[in-house]
Amino acid sequence: MTAMPETTGTIYDIGYRHYDGPRLGRRGAIGAIVGAGLRAVFGFGRSGRSKIIPWGAVILAALPAVVAVAVRVLAGDILDLYDYDGYVWNIGALLPIFIAAQAPELVVNDIRHRVLPLYFSRPIRRIDYVAAKIAALAIGLLAITLAPVLLLFIGRVLSTDDLVAAVGEEIGAMPEIIGNGVIHAVVLSSIGLAICSLAGRRAYAAGAVLAVFLIGGVISDSFSENGQDVAAFVSPLAVLDGTRQWLFGGAVDGAPAATSELPLALYGLAALILVLVSWAVLAVRYRRLTA
Amino acid sequence: MSDIRLEAVSRWYGNVVAVNDVTFDVGAGITGLLGPNGAGKTTLLHMMAGFLAPSAGSVKLDDTPTWRHPDLYRSVGFVPEREAVYPFLTGRAFVNASARLHGIEDAAAATDRAIGMVALEAAAGRAIGGYSKGMRQRVKVAAALVHDPPVLILDEPFNGMDPRQRLHMMDMLRRMAAEGRTILFSSHILEEVERLSDRVLVVVAGRLAASGDFRRIRRLMTDRPHSFTVRSSDDRALARELLADATVEAVELHDGTLTVRTGDYGALTRAIAPAAQRARASLLELRPADESLESVFSYLVRR
Amino acid sequence: MTAALLSITVRALLNRRRTLLLALVGVLLVVVAALFRLSAPGDDEANRFALRLLGNFGLGVVLPLVAVIVGTAALGSELDDGTIVYLLAKPVARWRIIAVKFLVTWLVTSLLVAPAVFIAGVVTNGDTTLALGFAVAALVGGLEYAAIFLALSLITSRALIIGLAYVVVWEGVVAGLFEATRGFSVRQHALAVAEALGGDGANGVGELGIGFALAVTAVVTALAIGLAVRRLQEVELRGETA
């Protein structure tokens, strides 16, 4: 035991310095949330187990494109396994799984552990936080809704003899590829996050997301086989395919919109309503949470 | 009479060793398990209560291993540290369910008795979800007592209690110990252990650092200077004389209190009277300055 | 002592908003059936719709969804918040705890699913034999799901997520694509029951023989319960931080 004089007090200078430099401000904060969100979406910096579902989904989504390109290289033009129109619809089962697994990572723990006030003590607003989270999930979803179709495009172009002619031939599909991928990503991430923001735990959030997509899909399927295509509007994926067909044309086998007698613009309207309702839910939810 | 006996017990989680080669006996009376957070107290208690398997060694209650012997709970009451209690049950329903799960015939009477012991009658009809921390703690104790067990194990039982409840609980535990029960409780608050236990087990970093009566423990630590507080008619002169003595390591005179440090407990007590005589001072008081559990503990933790 | 265990478990499961939401999923099944009925379909069409609605929606989505949430909460939520200690610190045989939890899981799941399936079936085309067949199928499938999810909640702390993944991936995708796996799909076992009991209207809905389906159901249920008992005997409680 060392004796210490008790009447004197000293504060030691341990070298702590204030930060006086420039600050990135609101835009930097938003960028940081998007960046952190992307890391969460793809499981970077997390255990191997949390990478299985997102990366598994990304790889499975790209598989048809890889196979189609390989077949084309080997067999020539005889056989077109996949076209651009139906690609996203055909891998659609992966989207709810990806969203159910990754969207809760983005929002649920912030709510559950009550750390939102820490965010809002920085120069960001509620809308910035929500928009950044949507952006992160949407960018993540592009890996499924856009990247494989681009891969298919590149593969098809490169597998021909005349590159310039091939580009000229295929470039017409580009607006559809990009437009459809982005619309899917934005609408689905908005819906996914809106559902997750209402759940108290990540597991329940995942369950709720799956429930909404599965139930919507199964109802839509049950009715549309009888030609009652109104039911398609409860399935987000069917609505989005209808929107695609409305904007870019090209019916997809098995999709409700392909056999629908309703004006296709209704699907576009439904997609818009889905997004707006999701945003409204998010706005109300986060106003309550931070009030 | 019920004894909990640990022999060369270790417990590790993966490559983290939580309890390292611990051997001790807990018999009738109150034993306090003392240690800083993360020392392995809960791991030890859970092994004694049969909720964890020891990775090595044996944990027995009267010659029966506690692990995988649910029948032992007939003679053991356990109060966990975690606060969570079924929030939708009333206090009475919770204690009553415990009684019924113990197979007690007259569950209602046992429930009333247990609730009476923790003085929770007034709140027994309310849902536990609305209880304060202290009330939750008491209802947990009532549930653990409902089958009148000879062994009671409590993990941090005083957490969240106000001083009055704390005193009440201490009285209750003392009463129960007087009936010959074996009571073991953990705490990181020294004052509680000091006031309640006949016997202390000190765990630090998973090892048993000391056990027994804490004043005894203190005396065994010969490599650490002892301090005494001395009052005399002439502190200054006495200090001068004491400094000349070989057994004295340091003398401090501060605000009229003379503190003497020595490495040899016995030698100082023999040296101080002659020194006072030489200084022509009359000794008014001589007492060990740091025999509190706190100083013993901080010594053990730091070693 | 079993009664005390029963009452705690039932109250824990029913005392949540969650249960109401799950009941709504069943109600949704009936609502969809009613909407279909309003569209005044033909007989043949109605029968095909009933098979899809009860098979895909009822047995394919509502049953596993309800079972996974109830089954993983029956013991899992107590493991999660530590209240399991109050059950474990009792001189009650571990198999008895599992038996009660299993029974309650199955009862709650059945109550939330089977009546909804029956009513939805009756509403769709008035074929009570078919509706009853599917309702009994839900009861049988519920047994198997309850055992599986109860065992799962004792194996992993992320039982709900993994259970959901199992429902979507195995029951939904894998069993849909690869016929060989259907022998081990709970949904196919239930469909076999529906076909056996559902009368003429249910012809062709199942792909497995009823004997085989029941045998696998019994074996899987027994194995899962056995596993759950073993896991509960060996469950270790650590401190708050662990």
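**Briefing: cores, a sheet and an all-helix chain**

Phe134(C) touches eight residues beyond its sequence neighbours: Leu51(C), Leu54(C), Gly55(C), Leu59(C), Val117(C), Leu191(C), Ala194(C) and Val205(C), with residues up to four places away in sequence left out. This is a predicted model. Phe134(C) also belongs to the largest nonpolar core, which holds 238 residues. Chain B carries an open sheet of six strands. Chain A has twelve helices and zero strands.

**Nonpolar cores**

- Four members of the largest core touch the most other members: Leu44(B), Met48(B), Phe57(C) and Phe134(C).
- Helix H3 of chain C, residues 43–74, gives the most to this core. Its share is 19 residues.
- Another core lies apart from the largest one. That core has twelve residues, including Val230(B), Ala239(B), Val248(B) and Ile272(B).

**The sheet in chain B**

- The strand order is S6-S7-S8-S3-S9-S10, and the pairing is mixed.
- Strand S6 (76–79) and strand S10 (207–212) of chain B form the edges. Each of these two strands pairs on one side only.
- From one strand to the next, the twist averages 15°.
- Strand S3 (residues 29–34) and strand S9 (residues 199–204) of chain B run parallel, joined by four bridges.
- Within S9(B), Arg199(B) stands opposite Thr31(B).
- In general, strands of a sheet pair through backbone hydrogen bonds, either parallel or antiparallel.

**Helices across the sheet**

- Helix H1 of chain B (residues 41–48) lies across S3, S6, S7, S8 and S9 of chain B. H1(B) runs at about 155° to S8(B).
- Helix H5 of chain B (residues 163–178) lies across S3, S7 and S8 of chain B. The angle between H5(B) and S3(B) is about 130°.
- Leu44(B) and Met48(B), named above for the largest core, fall within the residue range 41–48 of H1(B).

**Chain A overall**

- Read along the sequence, chain A follows the pattern α-α-α-α-α-α-α-α-α-α-α-α.
- The radius of gyration of chain A is 24 Å, while a compact globule of 291 residues would have one near 19 Å.
- Along the principal axes, the C-alpha atoms of chain A fill a box of roughly 95 × 45 × 35 Å.
- Of the 291 residues in chain A, 45% are buried.
- Among chain A contacts with a separation of 6 or more, 74% join residues 24 or more positions apart.
- The accessible surface of chain A is about 14900 Å². Carbon and sulfur atoms account for 65% of that surface.

Terms used
Residues numbered from 1 in each chain as written. Chains lettered and ligands numbered in written order. Predicted model: local features only at pLDDT ≥ 70, side-chain atom pairs only at ≥ 80, totals over all residues. Heavy atoms only, no water. Core = buried A, V, L, I, M, F, W, Y, C linked by side-chain atoms within 4.5 Å. Buried < 20%, exposed > 50% of the residue type's maximum accessible area, 1.4 Å probe, protein only. Contact = heavy atoms within 4.5 Å. Pairing = 2+ DSSP bridges. Axes fitted to C-alpha atoms, helices over the stretch in contact; angles between N-to-C directions. Rg over C-alpha atoms; globule rule 2.2 N^0.38 Å. Areas by Shrake-Rupley, 256 points an atom, 1.4 Å probe, with all protein chains shown as cover.
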